[in-house]
Amino acid sequence: MSVTLLDFARGPAMQWALIIFVFGMVWRLVGVWGLRHKADHSQPRVTQGVWKRGLRAVFVRVLPYPEFAPKVQGQYWISYVFHLGFFIVLLFFVPHILFFEDILGFGWPGLPNNVIFFVGGITVAALMVALIKRILNPVTRMMSNFDDYFAWFVTIAPVVTGLLVNANLIPNYELMLAIHILSFQLLLIYLPFGKLMHGFWLMVSRWTTAVRFARRGGLS
Amino acid sequence: MTDPIIEHAVDMESKRFGLKKPMVRYDTQGEMSDAERVKKAMQHFAKDFGYVAATYMESCVHCGICANACHFYVTTGDPKYTPIWKIEPFKQAYKREAGPFAFFYKLFNLKHKVTVEELEAWQELIYDSCTMCGRCTLACPMSIDIASLVGMARHAMFHAGLVPHELWAVALKAEEEGSPLGANPKVFKERIRWMEDEHEVDMYIDKEQADILVCMSSIEIQKYPKSMADTAKVLNYLGLSWTFHTEGYEATNFGLLSGNLDWQKDMSQKIIDTAIKIKAKTVLLPECGHAYQAMRWHGANMYGQSLPFTVVHISEFLADAVEQGKLKLRTVGKTAAFHDPCQVSRRGGATQAPRKIIEALGIELREPASSGDFNWCCGGGGGVITIHRADELRYKAMELKLKQMDSTRAHLMLTSCSNCRQNFDDSGEHLAWGRKIESLLELVADNLIEDK
């Protein structure tokens, strides 16, 4: 039975997950882009390089302005640790590279397994800290909804199941592997529908605000 | 033993220290059913919904970082003042009614329909506790311009008849009488004549043709009339062709602040029509932050096309004159702290103008922490100062502001917004500040070197 589940995970489940991921993402981005774009008739203070300011903002705003840093940089660090950790594990674990090679037709060098397990562990820890902070901070506790907790769950699930597969704690390796793959597909399927889309919105939003305020000569 | 007095029932059950929040208070206007209020709110919210607002609605990751930027959150510690939370019902409504997955949310009822109770409860957050100063926009890692979303939420609230009464009444007065503070054309004219006598300066009114149409805010007309005389003094000094005009003089825009787009348009249109009529090349705006926002950045959009004249804030105008060497000023010496009006500096892009003027006056500017584009708002803008039930909140925000200004130990406290000034005067008195904030324009006018 477990072999069948693994076959399912590797086969149709993967295809459907990718289809829903791509289609959902495009639908949501295009759906918003397709809304009315209002012309701004006000006389711009700055006309040169407005686009560049927009592009710059996408990168500059990676870090908080020094003005706010003392209060918020802890939160930035924790989130960067799990974001970076997640992508290192996703892109540089050798079996993952083989998976991508299958789809893309080319691969790249991976990192030693021990490094990957270490990074995976750090990622889980950072995600746990992020969750605890979310619950303990009255502001984030008040704002949090199903999306916040579910997005957290679908992010940590593939990392935890991945670590379990390789820790060999569970005797049925193939079942564990199937669960790991399915958990990743859950992430793919959920991504276009919730806050995980921020990976795309952050570029659109930063660019939009920066362009709006660049023409005023203001900061964004 | 006597019986206890039972006229005022004593509640012995509630926790003594648990009663933190007073009952929610809200105002309503007009006779409408609850359903109708919600419907109108949603209609008017959706009306000006475009891709910019939708992008912002989609982008929030609920990180709560914006709270750290808000003077109302920072001074009270109350999570409900988290900027993005102030538009929560509208975020819900967007996802349910307008977003790309609206059908999905509706079908499975994933986001419930916004209720009138929610809108009522949110009135305080949308009006009393947001000056639309936009500091949160700079803190948001996603660059969501929360201030503009609050502005849109106000459009919805106005049409649902859910505006704090004082603000609503002031806006209505402005629409009907041409001024929120009773400075109707007759009063305006009288006060100009009075200032003309008092300060012995020529003040032009209703000229048929002039290069510059000069607008004033009601606060100046009624409370700080010297500003009118000082504007005239500077314009005469520069030998320019200018006039006040009784058909278009009121620069404040309570349509914008209260959330009535039609009124906002009416108020802007008066100035635009007058400027066109007298063939003005420039509309000169007074020391008022939201007036600048309303005409400089919204004006053309209310008009529907680009304006056939330029719009400048008095601080930009003075800075230009200084740079061109046309304005000769006495050296004042001394040190000064400058309070940046949010709508002119951070959201207007004219942050450097007052600094150039201050330099030209030979004043050493002492910038406190969090100044310029990151300035703390005075807490009275966006119509908040008109809402009396928000007074305590406003004073709290001002405590932070005064601490910031005092940290410079400067001789002079300066600003270039009469609404900020009025808030400093009122809150300063309440908090026994013992100092006065001064108008940058008035300081310039007092220190002109007349070439004889």
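Let's start where the two chains meet: chain B and chain A bury about 5,100 Å² between them, with carbon and sulfur atoms giving 58% of that area. On the chain B side, the residues that lose the most area to chain A are B:Tyr51, B:His62 and B:Phe101, which together make up 15% of what that side buries. Keep in mind as you look around that this is a predicted model.

Counted by residues, the interface brings 63 residues of chain B into contact with 54 residues of chain A. Polar links run across it too: there are 32 residue pairs in polar contact between chain B and chain A, counting pairs with both residues at pLDDT 80 or more. The salt-bridge rule finds 4 across this interface. One to pull up on screen is B:Asp145 with A:Arg212, where the closest N and O atoms sit 2.9 Å apart.

Which helices of chain B supply at least two residues each to the side that touches chain A? Going along the chain, they are H2 (51–59), H3 (71–76), H5 (102–107), H7 (135–139), H15 (289–297) and H16 (299–303). H2(B) gives the largest share, with 7 residues. As for chemistry, the side of chain B that touches chain A splits into 32 nonpolar, 19 polar and 12 charged residues.

Now head further along chain B to its open sheet, where 4 strands line up in the order S6-S5-S7-S8 with parallel pairing. Strands S6 (364–365) and S8 (438–439) of chain B are at the edges and have a single partner strand each, so one side of each is left without a neighbour in the sheet. S6(B) is joined by 2 bridges to strand S5 (residues 335–339) of chain B, the two running parallel. If you want to find that pairing by residue, B:Thr335 has B:Glu364 in S6(B) as its bridge partner. Packed on the sheet is helix H19 (residues 391–406) of chain B, which touches S5 and strand S7 (412–415) of chain B. The direction of H19(B) makes about 150° with that of S5(B).

Last stop, a helix pair in chain A. Helix H3 (residues 69–92) and helix H4 (residues 94–104) of chain A pack at about 65°, and their axes are 5 Å apart. From H3(A), the contact uses A:Val89, A:Leu90, A:Leu91 and A:Phe92, while H4(A) brings A:Val94, A:His96, A:Ile97 and A:Phe100. Sorted by type, the residues of this contact come out as 7 nonpolar, 1 polar and no charged.

Notes
Residues numbered from 1 in each chain as written. Chains lettered and ligands numbered in written order. Predicted model: local features only at pLDDT ≥ 70, side-chain atom pairs only at ≥ 80, totals over all residues. Heavy atoms only, no water. Pairing = 2+ DSSP bridges. Contact = heavy atoms within 4.5 Å. Axes fitted to C-alpha atoms, helices over the stretch in contact; angles between N-to-C directions. Buried area = accessible area lost by both parts, 1.4 Å probe. Salt bridge = Lys/Arg side-chain N within 4 Å of Asp/Glu carboxyl O. Polar contact = N/O pair within 3.5 Å; in protein donor to acceptor, adjacent residues only side chain to side chain. Nonpolar A, V, L, I, M, F, W, Y, C, P; charged D, E, K, R; others polar.
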